[in-house]
Number of protein chains: 2
Amino acid sequence: MTDDVGGAVLRGGPEPGMLRSGQVADAAGVNVETLRYYERRRLLPQPDRSPGGHRLYPTDAVTVPRVVKAAQRLGFSLDEVAELLAVGRPGHPTPGRPRGRTTGTGRRGLQERAATKLAEVETRIADLQVIASTLRAALDARCDDLMACAANETCCPIPFSAIASIPVGAPDADRP
Amino acid sequence: MTDDVGGAVLRGGPEPGMLRSGQVADAAGVNVETLRYYERRRLLPQPDRSPGGHRLYPTDAVTVPRVVKAAQRLGFSLDEVAELLAVGRPGHPTPGRPRGRTTGTGRRGLQERAATKLAEVETRIADLQVIASTLRAALDARCDDLMACAANETCCPIPFSAIASIPVGAPDADRP
DNA sequence: GGTAACCCTGTACCCGGGTACGGGATGCAA
DNA sequence: TTGCATCCCGTACCCGGGTACAGGGTTACC
C-alpha cells in the first residue's frame, strides 16, 4: 500500500520558492488553522515538511484554498468540494475521508455536479421569491401582531400552507 | 416581583378542553422535545400543570408553534421570532432570555422587522442569481477540472473576484 | 547566539436548531 | 389495580465550518 499522500521532508536552507503556512494562508485569505482543517479533510494534500516539521508549500498551493472558497460561495459544501477536487486528480478515486458517511453522490463529473447544484440554487431562488412576496403582503396588510394575525385565518396575509414546503432557515444562513 | 409567567397547577379529572404536550406537538407538526425547547427559549409561555406536573395547554396553544415555524420559513431566527412574539404581548417588554447576547435590534415593530428581513431576502436572491449564472457559465465552458481551470485565470469561467463578496453557504442551508 | 515571530500538535469550544437518551413519575382505561 | 402510553427533567449529542487555546518547538534575521 504505497498510500503516498504524505509530503517529503526537505533539507537545506530557507527553501526558495516554497511558502510557509502563514504565507499561503495570507495569500488565500484564510486562517492558518483553516489550512490545517482543510488538510485534515483531505481538501489540501499533505505538504512537504522542513527538517523541523514545518509545512512547506509550493507557490501554486494557494490556488487550492482559493478554489475551495470559491466553490463554497457557489453553494458547495466542503464534502462536495473534496469530491470536485478528487475528480480532477489522477490516482485517488475518492479522497476517502477517515470516518465520513457517503453522501450518495459518488463518481460524477464536474459538469453533472454543477448542473445538480444549479438546480438546487434555482429552487432556493424560487423559495426565496415566495418568501419575499409573503413579506411584502405582510407589509401591505400593515399587520402589527403576529399572533393576533395568525389567530383569525381568514384575513392573515401569511399563506401558511403555501410556505409549508419551504425549508426552514435564514436567507443568508451560515455565514462564517 | 409578580413575575407571573408560570402556569397554575390545576386539579381534577381529565381536564376538558386542555391539551397535553403530545397533542399540541402533533397538532403543530413538531416534536414534544421541540415544544420544551421553545418553552426554554421563551417562545412558548409556561403552560399550566396537572397535579402530577404534566403540562396542560389551552387548545389555542397550537397557534404558537405553528406561527414560529411559519416565521422561521420566512427567514427569521428563533431569537427574532421571540422578539416578534413579544411585540404583540402586553406586559413583557422583551422576553428576556436567560443568558443571550442582544441582537442589537431592540424594540422595533413587526412592520419594520419585516421590511428589514425583506431587504435581506432580496440581497440573498441577488447573490444566488450571480451564483446561478456563474454555474451556467461553468457548464457552458464545459469545464472538467476545477484546479486546472482555476490555474489559468485567463480562461476560467469562474469570476473569483465577482463572487468574492458572496457569503459562503449552501443555497438550501441548514434545513433541519 | 539571541530573540521575536512564526509554527507545531491535540483538544475543546463556538454557532443555531433542535434530537436522543436515561431513569423515573403520571395519566388513563380496562 | 394493573398495565402501557405518555410525560417529566437534565444532560449530552448531532450537523458544518471552522476558531481558540495550551504548551511547546523551529526559523529568520540581526
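## Around DNA strand D

Of the 24 residues around DNA strand D, the ones that come nearest are Thr34(A), Ser50(A), Gly52(A), Gln72(A) and Gly22(B). On the DNA side, 79% of the atoms of strand D that come within 4 Å of the protein belong to sugar and phosphate. Keep in mind as you explore that this is a predicted model.

Which helices help to build this surface? Helices α2 (32–40) and α3 (63–73) of chain A, together with α1 (21–28) of chain B, each supply at least two residues of the surface near DNA strand D. Helix α2(A) gives the most, with 4 residues. Sorted by class, the surface near strand D has 5 nonpolar, 11 polar and 8 charged residues.

## Polar contacts with strand D

Let's zoom in on some individual atoms. In the side chain of Ser50(A), an N or O atom is 2.7 Å from a phosphate oxygen of DNA strand D. Chain B takes part too: an N or O atom in the side chain of Arg49(B) is 3.0 Å from a phosphate oxygen of strand D.

What part of strand D does the side chain of Glu33(A) meet? Here the partner is a base nitrogen, 3.3 Å from an N or O atom in the Glu33(A) side chain.

## Around DNA strand C

Now turn to the other strand in this report. DNA strand C has 23 residues around it, of which Arg55(A), Thr34(B), Ser50(B), Lys69(B) and Gln72(B) come nearest. Sugar or phosphate holds 80% of the strand C atoms within 4 Å of the protein, and the rest belong to bases.

The surface near strand C draws at least two residues from each of three helices: α1 (21–28) of chain A, and α2 (32–40) and α3 (63–73) of chain B. The largest share, 4 residues, comes from α2(B). By class, this surface has 4 nonpolar, 11 polar and 8 charged residues.

## Polar contacts with strand C

Several chain B residues are worth finding in the structure. The side chain of Thr34(B) has an N or O atom 2.5 Å from a phosphate oxygen of DNA strand C. Gly52(B) uses its backbone instead, with an N or O atom 3.2 Å from a phosphate oxygen of strand C. For His54(B), a polar side-chain atom lies 3.2 Å from a sugar or linking oxygen of the strand.

## How the two chains are related

What rotation superposes chain B on chain A? The answer is 180°, with 0.0 Å of shift along the axis and an RMSD of 0.1 Å. That is the relation of a two-fold axis. Of the interface residues of chain B, 100% are also interface residues in chain A, so the copies meet through the same surface.

## A helix pair within each chain

In chain A, helix α4 (residues 78–88) and helix α5 (residues 110–140) have axes that come within 10 Å and cross at roughly 155°. The two helices are therefore roughly antiparallel to each other. Glu80(A), Glu83(A), Leu84(A) and Val87(A) in α4(A) meet Leu110(A), Arg113(A) and Lys117(A) in α5(A). That contact divides into 3 nonpolar, no polar and 4 charged residues.

Chain B has a helix pair to look at as well. Its α4 (residues 78–88) and α5 (residues 110–140) pack at an angle of about 155°, with their axes 10 Å apart. This makes α4(B) roughly antiparallel to α5(B). On the α4(B) side, Glu80(B), Glu83(B), Leu84(B) and Val87(B) take part, and they meet Leu110(B), Arg113(B) and Lys117(B) in α5(B).

Terms used: Residues are numbered from 1 along each chain as its sequence is written. Chains are lettered from A and ligands numbered from 1 in the order in which they are written. This is a predicted model: local features need pLDDT of at least 70, side-chain atom pairs count only at pLDDT 80 or more; totals for chains, interfaces and linings use all residues. Side-chain values use heavy atoms; hydrogens and water are left out. Copies are superposed by least squares on the C-alpha atoms of residues with pLDDT of at least 70 in both. Contact means heavy atoms within 4.5 Å. Axes are lines fitted to C-alpha atoms, for helices over the stretch in contact, and angles run from 0 to 180 degrees between N-to-C directions. Angles under 35 degrees count as roughly parallel, over 145 as roughly antiparallel, 65 to 115 as roughly perpendicular and the rest as oblique. A residue is near a molecule or strand if one of its heavy atoms lies within 4 Å of it. A polar contact is a pair of N or O atoms within 3.5 Å; within protein, one must be able to donate a hydrogen and the other to accept it, and residues adjacent in sequence count only if both atoms are side-chain atoms. Ala, Val, Leu, Ile, Met, Phe, Trp, Tyr, Cys and Pro count as nonpolar, Asp, Glu, Lys and Arg as charged, and the others, Gly among them, as polar.
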